[in-house]
Amino acid sequence: MDMVTLGSTGITVNKNGFGALPIQRISQEDAVYLARKAYKAGIRFFDTARAYTDSEVKLGEAFDGIRTKVYIATKTAAQNAEDFWKDLHTSLTNLRTDYIDLYQFHNPAFCPKPGDGSGLYEAMQEAKAKGMIQHIGITNHRLKVAHEAIDSGLYETLQFPFSYISGEQELELVNKCKAANMGFIAMKGLSGGLITNSAAAYAFEAQFDGVLPIWGVQRERELDEFLSYIDNPPRMTDDIRAVIEGDRAELCGEFCRGCGYCMPCPAGIEINNCARMSLLLRRSPSAEHLSPAGQAKMKKIEGCLHCNRCKAKCPYGLDTPALLARNYEDYKRVLAGEVKVQ
Ligand code: SF4
Ligand code: SF4
């Protein structure tokens, strides 16, 4: 069994964390069943967020009576101290607990620090002094904020996208966190659906001893795959290396990693998904992407202002507006039935 310690928090858990974003989409009963099954099999770290609608409520029921046996991480996207306290109280109520093990700022556009005028970090410190939270973390999709958080010495964990199709930039963050004795929580280990081989995804993450991947699971068979890795952790064999190299080759060059560094978009386009829609349609179940809600998201591409802000921010040098246009053309062909996907 692979274990991981999240830096100075001392939180030591099995190297499979449970990402509780997708359980928003299933019933309370099914979500409670999944979370309890994960717990019984040995998963101890559960990551949710105030922004994940009823995910906290579902975990609250799942862990009623066994609260002290699990680590719960949640997040606040508050922009000021007043909203911070509202979020924290709501999370505690939803989770049926009087403390959060790891409380994280949820993808803030800046790195909260004492004296920055937002009052956010001071609120974190007060919550910690009161025992309402045990550890302070931050999640982000922006390299600049992530570096600032590590350099500040104010955070015990960083949560950031990290998978085998990530680049050197993410690897640098992993190494920097290790040197700073900060835990690294890897989100999007399956790159939001582009990676379909979970054993390869696991074997990649297993190479980094300070990294805790959190797997977003919604279906029992997805959970079962990761549970099987508790007793039989996949290793970087030649076969797995070949899978990774094949995926990297297929996903090389002009493809969007879904990192979101280019956002927000003034036209409200969800660039991190829309700019890789052709890949998502072909490498993951397409029904959700083709639903009315998915179509509405793609239609926003028509409103692109061609301001090129996204292009300027993309660390992979992509011509993002052109990529969006190409993905939209392909999407319309798929919708019209001119091109078949799975
Ligand atoms: S170029 Fe288009 S997609 Fe990019 S940030 Fe501007 S409006 Fe958004
Ligand atoms: S366009 Fe570039 S910055 Fe934006 S999500 Fe894709 S890879 Fe990331």
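In the predicted model, the element that contributes most to the shell around ligand 1 is α15, which supplies 3 residues. This helix spans residues 320–335. Besides α15, the elements giving two or more residues to the shell include α14, which covers residues 309–313. The ligand is surrounded by 15 residues in total, and the closest of these are Cys265, Ala267, Cys304, Cys307 and Cys310. In composition the shell is made up of 11 nonpolar, 3 polar and 1 charged residues.

The protein chain is divided into two domains, with domain 1 comprising residues 3–245 and domain 2 comprising residues 271–335. The contact between them involves 6 residues of domain 1 and 6 residues of domain 2. On the side of domain 1 that touches domain 2, 2 residues are nonpolar and 4 are polar, while no charged residue is present. Taken over C-alpha atoms, the centres of domain 1 and domain 2 are separated by 27 Å.

The largest nonpolar core of the model consists of 95 residues. Both domains take part in this core, as domain 1 and domain 2 each provide at least three residues. Within the core, the residues with the most contacts are Phe18, Ala35, Leu158 and Leu324. For Ala35, once neighbours within four places in sequence are set aside, the contacts are with Phe18, Phe46, Lys58, Leu59 and Ala62. Phe18 thus appears both among the core residues with the most contacts and among the contact partners of Ala35.

How values were computed. Residues are numbered from 1 along each chain as its sequence is written. Chains are lettered from A and ligands numbered from 1 in the order in which they are written. This is a predicted model: local features need pLDDT of at least 70, side-chain atom pairs count only at pLDDT 80 or more; totals for chains, interfaces and linings use all residues. Domain bounds come from an automatic or database domain assignment. Two residues are in contact if their C-beta atoms, placed from the backbone, lie within 7 Å. Ala, Val, Leu, Ile, Met, Phe, Trp, Tyr, Cys and Pro count as nonpolar, Asp, Glu, Lys and Arg as charged, and the others, Gly among them, as polar. A residue is near a molecule or strand if its C-beta atom, placed from the backbone, lies within 6 Å of it. Helices (H or I, at least four residues) and strands (E, at least two) are DSSP runs, numbered from the N terminus. A nonpolar core is a set of buried Ala, Val, Leu, Ile, Met, Phe, Trp, Tyr and Cys residues joined through C-beta atoms within 7 Å. A residue is buried if 20 or more other C-beta atoms lie within 10 Å of its own, exposed if 12 or fewer, and partly exposed in between; C-beta atoms are placed from the backbone.
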